[in-house]
Every structure is written in structure tokens, then in C-alpha cells.
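Hi,

Here is the structure I promised to pass on. Have a look at it first, and my notes follow below.

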Amino acid sequence: MPAQSVILPLPSVHARFLVIKTQQLEVARIKAQLQHFLDTRDRLLTQHTHQNIKVAIAFGPELWARLHNKMPPNFSPLQEITGAAFDMPVVPADIFIHIASERADICFILAQAALQGIRNDVKVVDEITSFRYIDNRDLTGFIDGTENPQMADERAEVALLPEESGVFCEGSFIFAQRFVHDLDKWNKLRTTAQEDVFGRTKLDSVELPDDIKPKNAHISRVVIEEDGEELEIVRHSLPYGDASGDMGLFFVAYTNDLNIINRMLARMHGKTEDGLHDRLLHFTKPVNGAYFFAPSQELLEQILE
Ligand code: HEM
């Protein structure tokens, strides 16, 4: 029961993310379309063996309930955060498709395969073309992914549901959220002030010492220790943007426990008793957000039959 192919390897150079609301589209058409997408992927894989073509297809809770008679453990919609230091929007969606490759044109062909023939029947919440930016940096200039689990076995332990999950084994939950950066505001900060926002150095991503690192630095808010162990997620976020329009980070995390994400978001947005929030949110804004479930490759194939 292998996991879907994009989850465990490290990110490729290019990615494309699709977030889709299926509206009134019948389940049979949804399945046929996704099967066409997978057939196109297989064709491209045989033609372009060295382009690291990897994908994941995932479903929102509402569509999942129409596709399968059992819900994955604790799978419910992402909740908005309101009345906090920074509110957080939610835009529920039905299908999330993660496409990755060393080539942007291959990502494009796959996105076309996902939407060809249904474009006018669905609502595309986001179609985001992402790229790896200098040294794996976010557009703020900071290296993103330093503390991400790197080795496949660690990534599997963090991202995939374990064997005892039965039919859901090797499946993974996804949190996807698009952030729009205010780079004009950000670039006015001196480097040391930017380092205080993340809690790491800019050049080489070294964690600031505890006595210097602010309590509202990004990493101070998202690092949560439980029984002496840090709660981990597998991040696949990548920058996106138009020089003339929105630019920022398409945040994507894979996890076997959505409660970890709920807790990180509460600490970022200022919903915890300490009353602190993540300083990063003064410079970037989430504009949507949703939870999805990516079944194992085998369960996905069964569902699409
Ligand atoms: C760490 C950027 C949103 C969870 C980091 C780091 C950067 C970064 C630069 C430090 C290097 C690293 O370990 O990767 C951003 C940006 C965001 C964003 C630019 C939004 C625009 C989020 C969100 C979450 C999150 C929404 C969780 C819900 C984490 C975690 C770490 C991290 C778990 C690792 C902390 C550690 O173990 O030291 N992020 N992040 N981030 N971020 Fe974010």
C-alpha cells in the first residue's frame, strides 16, 4: 500500500497546486477525470523517466464522505480562527492536487489533464505555479525547510497513517493555505529584525540562542514539545508569484494527525492562553485554507474504479 508519490521525496524544482470545488459535478465524472489525470501521469512517466514526476490527489471531507463509507480518523473541515490577534480564513474545497517535477511544462500538462473537459463545471479556488527559489528560500529570503524531516523513514513516520489504521494506512492528511506576502513592508526591516521574526539567521538558517530568540518568533510559535519530543509535520511549501501581483508562499503540510496543525495555527494566530502571536503574520496574510486526505495509492485506485 505505498503512499502517493509526492509525499516522501524531497521537493522537485517545480510544482503546481490545484484546489478545486467540484460544485454539482457527478461523482462518476470526478472519478473519470482523476483516472485520466493518473493515466496521463503514467504516460509522462514512461516518456520522461528522469524528470521526477510525482503527484498526490487528495479530497476534502465532504467529497470524501461521498466516495468512501468510512472517514479517516479525526478528519473534519479546517475551522476558521476569529477573534484572535490575526483571524484566519478557511475556503473549503473538494480536491487538492499536488504536482511536482523538474520541468514546469510537465507540471502544466498534468494540470491540463486534471481540468480538461470539466473546467466550466468546477470552481478552481487556486491554481498555483510554484518554484524552488534560491537555496530553498522563501521570498522573504529565509531558507524554508531546515527542520523538515529529511530522510524518507522519518518523513513516513510523521506524514503517513500507521499500519493499525487499516484501509487508511499510508494515507496522509494535508493542510494547504496560500499566503500573500507584503514584501515592501518586509524589505524595510533590517536583517537582524527579520531574523527576530523567524528566530533564525538569514544567511544560513541557524537557530537564534534561546536567550535572544523572541517568544513570538515564527519558530517559537510553531515548535511544540510534548513528552520531550517536538511535534513534527512534513512541509512541501513553495514560493509563487507574479511580479505585478500577488506573491508569497503556498503552504502545504502533510501529517498523520491534523490536531498538530490545529495547535500550530492556534499558537501562530494568538488563540492560546499566553496571548502571543506569530510576528510573521505582520508580513504575510493567509487568503484561504483547507484540510484534505490523500489516501494510499492503492486505496485511491480502488476509489476511482
Ligand atoms: C519553520 C517559513 C507558515 C510550521 C519555518 C522556517 C521558515 C518558515 C523560514 C525556518 C526554517 C525551517 O525549519 O524550515 C514560513 C513562512 C510561512 C510559514 C514564510 C507563511 C508564509 C507556517 C505555518 C505552519 C508552519 C502555517 C504550521 C501550521 C513550521 C514548522 C517549522 C517552520 C513546524 C519548523 C520549526 C522547527 O522545528 O524549528 N517556517 N512558515 N509554518 N514552520 Fe513555517
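Before anything else, one cut-off: I call a residue buried if 20 or more other C-beta atoms lie within 10 Å of its own, exposed if 12 or fewer, and partly exposed in between. Also keep in mind that this is a predicted model.

With that in hand, start at strand β9, residues 238-241. Which residues of β9 are buried on each side? Leu238 and Tyr240 are buried on one side, and Pro239 and Gly241 are buried on the other, so both faces of the strand are covered by the cut-off above. β9 pairs with β10 in the antiparallel sense, over four bridges. The two strands make a hairpin, with five residues between them. If you want a landmark in that pairing, look for Tyr240, which sits opposite Gly248 of β10.

Further along β10 you come to Ala253. Ala253 counts as buried because it has 23 C-beta neighbours inside 10 Å. Not counting residues up to four places away in sequence, Ala253 touches Phe175, Ile233, Val234, Arg235 and Ile261. Asp153 is 100 residues from Ala253 along the chain, and their C-alpha atoms are separated by 17 Å.

Next, α8. Its 12 residues should span 16 Å at 1.5 Å a residue, and its end C-alpha atoms are 17 Å apart, so the two agree. Which residues of α8 are buried? They are Leu258, Ile260, Ile261, Met264, Leu265, Arg267, Met268 and His269. The cover over these buried residues includes β5 (172-181), α7, β10 and β12 (290-294). Right after α8 comes Gly270, with a positive phi near 90°.

One of the elements covering α8, β12, has five of its five residues buried. Ala290, Phe292 and Ala294 are on one side, Tyr291 and Phe293 on the other, and both faces are covered. β12 runs antiparallel to β5, with five bridges joining them. Ser172 stands opposite Ala294 there.

Now the core. The largest nonpolar core holds 75 residues, and those touching the most other members are Val19, Ala58, Phe96, Leu110, Ile174, Ala176 and Phe292. What does Ala176 contact beyond its neighbours within four places in sequence? The list is Phe17, Val19, Phe96, Val252, Ala290 and Phe292.

On to the ligand. There are 25 residues around it, of which Phe142, Thr146, Glu147, Phe179 and Met264 come nearest. That shell divides into 13 nonpolar, seven polar and five charged residues. Among the elements, α7 (218-222), β10 (247-255) and α8 (258-269) each supply at least two residues of the shell. Met264 is worth picking out, as it is listed both with the nearest residues to the ligand and with the buried residues of α8.

Ser205, in the loop between α6 (191-198) and α7, touches two of those nearest residues. Leaving out residues up to four places away in sequence, its contacts are Phe142, Ile143, Thr146 and Arg200. Ser205 and Phe142 are 63 residues apart along the chain, with their C-alpha atoms separated by 7.1 Å. Ser205 is partly exposed because it has 17 other C-beta atoms within 10 Å.

A few other loop residues. Arg279 lies in the loop between α8 and β11 (284-286). Is Arg279 buried or exposed? With 20 other C-beta atoms within 10 Å, Arg279 is buried. Setting aside neighbours within four places in sequence, Arg279 is in contact with Val197, Pro214, Asn216, Ala217 and His218.

Last, two backbone oddities. Most residues other than glycine have a negative phi. Asn52, though not a glycine, has a positive phi of about 50°, and so does Asp135. Asn52 is in the loop between α1 (27-47) and β2 (54-59), while Asp135 is in the loop between β4 (123-131) and α4 (152-159). Asn52 counts as buried, with 20 C-beta neighbours inside 10 Å, whereas Asp135 is exposed, with 12 other C-beta atoms within 10 Å.

Cheers

Conventions:
Residues numbered from 1 in each chain as written. Predicted model: local features only at pLDDT ≥ 70, side-chain atom pairs only at ≥ 80, totals over all residues. Core = buried A, V, L, I, M, F, W, Y, C linked by C-beta atoms within 7 Å. Contact = placed C-beta atoms within 7 Å. Near = placed C-beta within 6 Å. Nonpolar A, V, L, I, M, F, W, Y, C, P; charged D, E, K, R; others polar. Expected span 1.5 Å × (residues − 1). Pairing = 2+ DSSP bridges.
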